Amino acid sequence: MAATTLKDSFPLLTLLGIAFLASVCLSSRSDQDNPFVFESNRFQTLFENENGHIRLLQKFDQHSKLLENLQNYRLLEYKSKPHTIFLPQQTDADFILVVLSGKAILTVLLPNDRNSFSLERGDTIKLPAGTIGYLVNRDDEEDLRVLDLVIPVNRPGEPQSFLLSGNQNQPSILSGFSKNILEASFNTDYKEIEKVLLEEHGKEKYHRRGLKDRRQRGQEENVIVKISRKQIEELNKNAKSSSKKSTSSESEPFNLRSREPIYSNKFGKFFEITPKRNPQLQDLNIFVNYVEINEGSLLLPHYNSRAIVIVTVNEGKGDFELVGQRNENQQGLREEYDEEKEQGEEEIRKQVQNYKAKLSPGDVLVIPAGYPVAIKASSNLNLVGFGINAENNQRYFLAGEEDNVISQIHKPVKELAFPGSAQEVDTLLENQKQSHFANAQPQERERGSQEIKDHLYSILGSF
């Protein structure tokens, strides 16, 4: 039997291209069954009172088995009203903290010292596991909103917090020790220790409270409490600002907007801090980015080679499209003895799947490595992203004047890979004069013929 060349298979490639375009049109998923989108109601409220709340996003791998590589990562959101403080606590997890809005004073305690930082929108800092800290909303009018990427060190995906000052649902961490240990540790009578350091009602009285009473008093827990202007001024005296700091500090906050954006034009800006640029991110192998897409603009189709990116919509609305495999929700359901037998048939059945979602503030997106994505802004859109597996990650754009990987294909290969000629492919690619961001509603142009339009669909038809 004669060997089949790539050129000989061109009609088959064309037919497969037509078939996959048809499958895309028939298999676009909405956000209701989109495994890569978490609407804002997926956050669980851990604590809430009149001063603010703490919310934790559903586990990634509980939402979809496709996200099982994120089982040890969680998203935590803090919100507090002006002149309030999150009281001291420590957690068995590393944190990457980003200020989404408002102004804060963050104090981090060390064994023989403490550091206070004055934070504003875009400020970011890593808090190592076990760090004791407290966070103040120092603004007179604006709510403070903070987003944390949480990486537990004990139990995957299940961070545990310990309070220094107790409340009705969780006593002080010190109250867990016996009287003898506490008296010996502080060289003080237990009654004095209880009066000064432990919860007001005492551990035993707390345990005697009924479940109903505890639920009624749950809104009065002293996790987020009021703080006076005078107290704020005292905390702010020696606080350091990150606004003019380099992004290379090992312990101080850095601002995501403190350097020039890596991509920028009149349609949007893309800021990113990688482990190479900041030592705080190196051991976690995570990058952090901050993206602004102007109303009516598009972040052009692209994908990350290694990084899985967790994106939160901070402000604005838009549309999200991600390209994956049509049958991936069924992956892993077959028994092992069937896998090799059906591998060839499985590869044939795989088809491109378009996953779509409407974006609103508080929504969370997960963009797996290698999955192309495009985001359109229906109003000014602000996104904050955490990239897992950041080392050696490369971002590949599939459209645009610069950094367009398709334009790097040799002309003979373009002739073989696409229905149009190499010249037609180049002409099509050159129609886009913008890079990275573009107008989501470009002006109509003379494209020559309907055939040229069809070539565009064959290249990027899944969007």
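Both faces of strand S26 are covered in this predicted model. On one side, Leu381, Leu383, Gly385 and Gly387 are buried, and on the other side Asn382, Val384, Phe386 and Ile388 are buried as well. This division into two sets is easier to follow with a general rule in mind: in a regular strand, the side chains alternate between the two faces of the sheet. Because 8 of the 8 residues of S26 (residues 381-388) are buried, the strand is largely enclosed by the rest of the structure.

Which strands are joined to S26 by bridges? Strand S19 (residues 286-293) runs antiparallel to S26 and is joined to it by 8 bridges. Within this pair, Phe287 has Gly387 as its bridge partner, and Tyr290 is matched with Val384. Strand S21 (residues 308-315) also runs antiparallel to S26, here with 7 bridges. In this second pair, Val311 stands opposite Gly385. Gly385 and Gly387 thus both appear among the bridge partners, and both belong to one side of the strand, together with Leu381 and Leu383.

These pairs can now be placed in a wider sheet. Seven strands form an open sheet with antiparallel pairing, in the order S2-S24-S21-S26-S19-S18-S17. Strand S2 (37-38) and strand S17 (263-265) stand at its edges; each has a single partner strand, so one side of each is left without a neighbour in the sheet. In general, strands of a sheet pair through backbone hydrogen bonds, either parallel or antiparallel.

A second open sheet also contains 7 strands, and its order is S3-S4-S5-S12-S7-S10-S16, again with antiparallel pairing. Its edge strands are S3 (43-49) and S16 (254-255), each of which pairs on one side only. At the S16 end, strand S10 (residues 123-127) runs antiparallel to S16 and is joined to it by 2 bridges. Thr124 of this pair stands opposite Phe254.

Phe254 turns up again in the surroundings of a loop residue, Gln280. Gln280 lies in the loop between strand S18 (268-273) and S19. Is this loop residue buried or exposed? Gln280 has a relative accessible area of 3%, and because buried means under 20%, Gln280 counts as buried. Leaving aside neighbours within four places in sequence, Gln280 is in contact with Ile125, Lys126, Ser249, Glu250, Ser251, Glu252 and Phe254. With Lys126 there is also a polar link: the side chain of Gln280 reaches the backbone nitrogen of Lys126 at 2.8 Å. S18 and S19 belong to the sheet that holds S26, while S10 and S16 belong to the other sheet described above.

Strand S20 (residues 297-304) offers another example of a covered strand. Because 6 of its 8 residues are buried, S20 is largely enclosed by the rest of the structure. Which strands pair with S20? Strand S28 (residues 437-439) pairs with S20 in the antiparallel sense over 3 bridges, and here the partner of Ser297 is Asn439. Strand S25 (residues 373-377) runs antiparallel to S20 and is joined to it by 3 bridges, with Leu299 opposite Ile375. Strand S27 (residues 395-397) pairs with S20 over 3 bridges, also in the antiparallel sense, and Asn304 stands opposite Arg395.

The structure also has enclosed space. It holds 2 cavities of 30 Å³ or more, and the largest has a volume of about 280 Å³. Of the 21 residues that line this largest cavity, Tyr78, Gln89, Phe95, Leu127 and Gly133 are the closest to its centre. Strands S6 (84-91), S7 (93-101), S8 (104-110) and S11 (132-137) each supply at least two residues of the lining. The largest share, 5 residues, comes from S6.

Finally, some totals put these details in context. The chain contains 11 helices and 28 strands. Buried residues make up 47% of its 463 residues. Among contacts with a separation of 6 or more, 77% are between residues 24 or more positions apart. The accessible surface of the chain comes to about 24900 Å², of which 47% belongs to carbon and sulfur atoms.

Technical notes. Residues numbered from 1 in each chain as written. Predicted model: local features only at pLDDT ≥ 70, side-chain atom pairs only at ≥ 80, totals over all residues. Heavy atoms only, no water. Buried < 20%, exposed > 50% of the residue type's maximum accessible area, 1.4 Å probe, protein only. Helix = DSSP H or I, 4+ residues; strand = E, 2+ residues; numbered from the N terminus. Pairing = 2+ DSSP bridges. Contact = heavy atoms within 4.5 Å. Areas by Shrake-Rupley, 256 points an atom, 1.4 Å probe, with all protein chains shown as cover. Polar contact = N/O pair within 3.5 Å; in protein donor to acceptor, adjacent residues only side chain to side chain. 1 Å grid on protein atoms, 1.4 Å probe; cavity = no way out; pocket = protein on both sides within 12 Å on 5 of 7 lines; lining within 4 Å. Points joined across faces, edges and corners; volume = space filled by probe spheres on them.
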